[in-house]
Amino acid sequence: MTQKLIIIGAGMAAGRALEHLFEQAPDAYDVTLFNAEPRGTYNRIMLSPVLSGDKSFEEIVTHTAEWYEENGVTCRFGEKVVNIDRAAKTVTSDTGDVLPYDRLVIATGSNPFIIPLPGHDLDGVIAYRDLEDTNAMIALGDKPDAKAVVIGGGLLGLEAAAGLALRGVDVTVVHIMGHLMERQLDEAAGYLLRKALVDKGITVKCSANSKEILGENGKVKALLLDDGTELPCDLLVMAVGIRPSVVLASDAGLATGRGIHVDDQMVTSDENILSLGECVEHNGDVFGLVAPIFDQAKVLTKTLLGEEASFVNKEVATKLKVTGCDLFSAGDFADGEGREDIVFRDPARGVYKRLVIEENRIVGAVMYGDTADGNWFFGLIKDREDISEMRDTLIFGPAYQGGDSLDPMAAVAALPADAEICGCNGVCKGQIVDAIGNGATTLEDVRAVTKASGSCGTCTGLVEQVLSVTLGDDFVMPAAKSVCGCTDLTHEDVRRLIKSRALKSQPAVWQELGWSTPNGCHVCRPAINYYLLADWPLDYADDPQSRFVNERNHANIQKDGTYSVVPRMWGGITTPDELRAIADAADKFDVPTVKVTGGQRIDLLGVKKEDLPAIWFDLNQAGLVSGHAYSKGLRTVKTCVGTDHCRFGTQDSTGLGIKLEKHLWGSWTPHKLKLAVSGCPRNCAEATCKDIGVICVDSGYEVSVAGAAGMEVKETQLLCKVGSEEEAIEVISAMTQIYRENAKYLDRIWKWVDKVGLDWVKAQIVDDLKNRKALAERFEISQSVYRTDPWAEHAREKAETYQPIANLTLEAAE
Amino acid sequence: MSWIDICDLSDIPLRGARIVKTAVGCVAVFRTDDAEVFATSDRCPHKGGPLSEGIVHGKKVTCPLHNWVFSLESGEAQGADEGQIATYATQVVEGRVLLDASALTTGVAAE
């Protein structure tokens, strides 16, 4: 008598196994096929083209009703198996039917993971797994002004979002990680992908935590994020991952872990029950890709037929492609030791390529924008080919093996004659080329004739490139100092490009400006972080991980790893209560050294990192805030006592100093910024060796800039004289802002003024009142974000991060 | 190998580090990428700087005191500087960070 074979699940794994079975032994078994979905096998991978409208469902069906009939399969579609009785060798379906089996195959696949957010059971919350989900999304596209939210920025979520957008739905993707598809893509490729999706009209929110799904009359209405943002939607798609479907097997007492345990023959812990596909776990691995699952189908068939076969999980590289985006990712590019990167970026074309090399072999490849060579790299990964011979040109692909390298001057050469090179003086490329035609051969010549690069100087690099392109070998490019080894661009180039191309994130800078490293280095990252927050205060969030330790921990690290804590004393004025609080804190935290600083305040030296949040909290209670004694930003405004007490004082220098400090504190600047206000020309506050100094005189206030009293000693130069405190504050705000917007990172004001000339600065903020006001307003916009006490915020929200994450000495002591 | 569950991946800031106190001194656990973690001795061999406070870039860290750069994979000082820091095996399993503690117990330290 023919043996009875029952298969639970008609997914792609079961479909493939049945094909093998009927090819090899059509009469070996009497087959009954259960499927919870009311249909047979179709190509689930192709649901995305169905969603986008490129294919109909009929086109992706792999096994038709006729096929099942021809092969004598009893189909029980839309019927769920609810129980397996291993002793009686029967299964029970949800209709109550009990069917006997000789061999049973569990191919239940996987279930979409639904985050148990409040409201996850509302109507209109779906996964993206089967035809029903796909149809729900297609139906939404027919509704006018429909909105959808997709939780999950992985492959599945983005396919859903892209499909919905093509159907005219207003889609927002909410992703918990910092960039899209973080398991397959690195940050740079994730950035480009995001850009492409945004161009398609999809809204993308990364680093976004979902809090609750809001509903109305049992139907989904919006997604609430934990930052309070509400995203209205008519449909919410959760595409955050899948889990092997093991409940039926584990209820039947089969061995399960993450998946149903199977041996090399695809047999479970019960010799009569086999399993394959996404529901199994083999040697600790679970499966989501079709290639190994089809291998399992072959082995399972052999086992059913009593033949020898073993499943081996071949470590093949995986590759993927997202519909509508030119994207390629293969192999492993994240974890691992002894790996090196080869990175290629062509910002003009939006191209990014990265190869991960290990022991002279490519182990991973990520490409964006130009994926033509993807399969070639994929082949090299799969074949584990030694690439040491072609390493130098490898990244350019097979066509470039031994070919020419790319011309870095091409971009400048391609600029039209009316392209503006120098914004300050309104000089176009054509004028510079004309000047060269008339005999100019050096940067200085061009500057003398056209004024190009003669003012703020940020276009110097461009002018030199025009010279080089025009003169060819006759022009020797001066070795412009690049920011660091990660780029050939100078600080000035980077600042100009961040503004002109509206680059508002680190990945945008790395990609668009062709950085050669994945995320910069300790030299460029702090500079880029500063440029971004200075130019885009409302769009860019300061990145603590791109800051030097002192600015990250809001205290100065000392040579023994302890920190110094300096609370702010506005204008150098303090009170007995503040002094008591400082003394109490010094006692409580065993501060070994208390020192009066040159900036008129008190330094507590030798505080342990773990104690920082607690000492800050105590100081905060007395009204003391961070003195930013650690920052490239406003340090202090030193004052003398002025008209309050001094018989020579001409103005209220202390009062103006306090006003200035309250106005400027918290701001980040290219380097540290120290001010002083002296009440008369006797200059007790030493204002004439500060970055910005004010000397009070009977008729008003003399504002001078560009002093120094460090490795260099320099006297300030007079910027202007003003009649009122308000005007002094406005001029100083504008001065601070113009320095913030234009200077190279780590240039003090004097160094920067030496480069651009005091005359240029005067023209901008003394003569041009409109510009002065605009600069002061931009400073105020930035201060709306940064005029705040970081100590209070860290003591309140980040105290935990100052402690060790774990202590293993306790276990070791056992 | 003796894997000890240290913390959640999200407890370590991306391109940042946290420290683990051990019998052989502080170990810095770095997160260089979304799901990529390395552990090394926290102490720079130059002047004892806390490497966990350095800027993390690529698979490297720069010591905050005098800018020595170390490979987090090999523990070797980069560039002209010569030095070596101990490295410890880590793995990330379902969002948890595991540290190989076999070299961090008192037994080894006592040798």
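The following exchange explains how several descriptions of this predicted model are reached.

Reader: What should be known about the model and its numbering?

Author: This is a predicted model, in which local features need pLDDT of at least 70 and side-chain atom pairs count only at pLDDT 80 or more, while totals for chains, interfaces and linings use all residues. Residues are numbered from 1 along each chain as its sequence is written, and chains are lettered from A and ligands numbered from 1 in the order in which they are written.

Reader: Why does A:His628 count as buried?

Author: A residue is buried if 20 or more other C-beta atoms lie within 10 Å of its own, exposed if 12 or fewer, and partly exposed in between, with C-beta atoms placed from the backbone. A:His628 has 25 C-beta neighbours inside 10 Å and therefore counts as buried. A:His628 lies in the loop between α20 (612-621) and β33 (634-639) of chain A; here helices (H or I, at least four residues) and strands (E, at least two) are DSSP runs, numbered from the N terminus. The phi of A:His628 is near 50°, a positive value in a residue other than glycine.

Reader: What makes A:Leu746 partly exposed?

Author: A:Leu746 has 15 other C-beta atoms within 10 Å, so A:Leu746 is partly exposed. This residue is in the loop between α22 (725-742) and α23 (749-756) of chain A, and its phi, near 75°, is again a positive value in a residue other than glycine.

Reader: Is A:Asp754 buried, exposed or partly exposed, and what is the reason?

Author: A:Asp754 counts as partly exposed because 13 C-beta neighbours lie inside 10 Å. A:Asp754 belongs to helix α23 of chain A. Its C-alpha atom is separated by 8.5 Å from that of A:Ala706, 48 residues apart along the chain.

Reader: Why are α22(A) and α25(A) called roughly perpendicular?

Author: Two packed helices are described by the angle between their axes and the distance between the axes. Axes are lines fitted to C-alpha atoms, for helices over the stretch in contact, and angles run from 0 to 180 degrees between N-to-C directions. The axes of α22(A) and helix α25 (residues 769-786) of chain A come within 8 Å and cross at roughly 75°. Angles under 35 degrees count as roughly parallel, over 145 as roughly antiparallel, 65 to 115 as roughly perpendicular and the rest as oblique. The crossing therefore makes α22(A) roughly perpendicular to α25(A).

Reader: Which residues of α22(A) and α25(A) meet?

Author: Two residues are in contact if their C-beta atoms, placed from the backbone, lie within 7 Å. Among those that meet are A:Val731, A:Ala734 and A:Ile738 in α22(A), and A:Leu775 and A:Phe779 in α25(A). By class, this contact has six nonpolar, three polar and three charged residues. Ala, Val, Leu, Ile, Met, Phe, Trp, Tyr, Cys and Pro count as nonpolar, Asp, Glu, Lys and Arg as charged, and the others, Gly among them, as polar.

Reader: How do you know that β13(A) and β14(A) pair?

Author: Two strands pair if DSSP finds at least two bridges between them. Six bridges join β13(A) to β14(A), which run antiparallel, so the requirement of at least two is met. One of the bridges has A:Ser210 with A:Leu225 as its partner in β14(A). The two strands form a hairpin with two residues between them, and A:Asn217 in the turn has a positive phi of about 50°.

Reader: What makes β13 and β15 of chain A edge strands?

Author: The open sheet of three strands has the order β13-β14-β15 (chain A), with antiparallel pairing. β13 (210-216) and β15 (230-232) each pair on one side only. The twist averages 30° from one strand to the next. Three bridges join strand β14 (residues 219-225) to β15(A), and A:Leu224 stands opposite A:Glu230 in β15(A).

Reader: What is the largest nonpolar core?

Author: A nonpolar core is a set of buried Ala, Val, Leu, Ile, Met, Phe, Trp, Tyr and Cys residues joined through C-beta atoms within 7 Å. The largest has 83 residues, and A:Ala161 is among those with the most contacts inside it. A second, separate core of 44 residues includes A:Leu21 and A:Ala252.

Reader: How many residues does each chain give to the contact between chains A and B?

Author: Chain A gives 26 residues and chain B 33 residues. Two bridges join β40(A) to strand β2 (residues 16-22) of chain B, which run parallel, and A:Ala806 stands opposite B:Val20.
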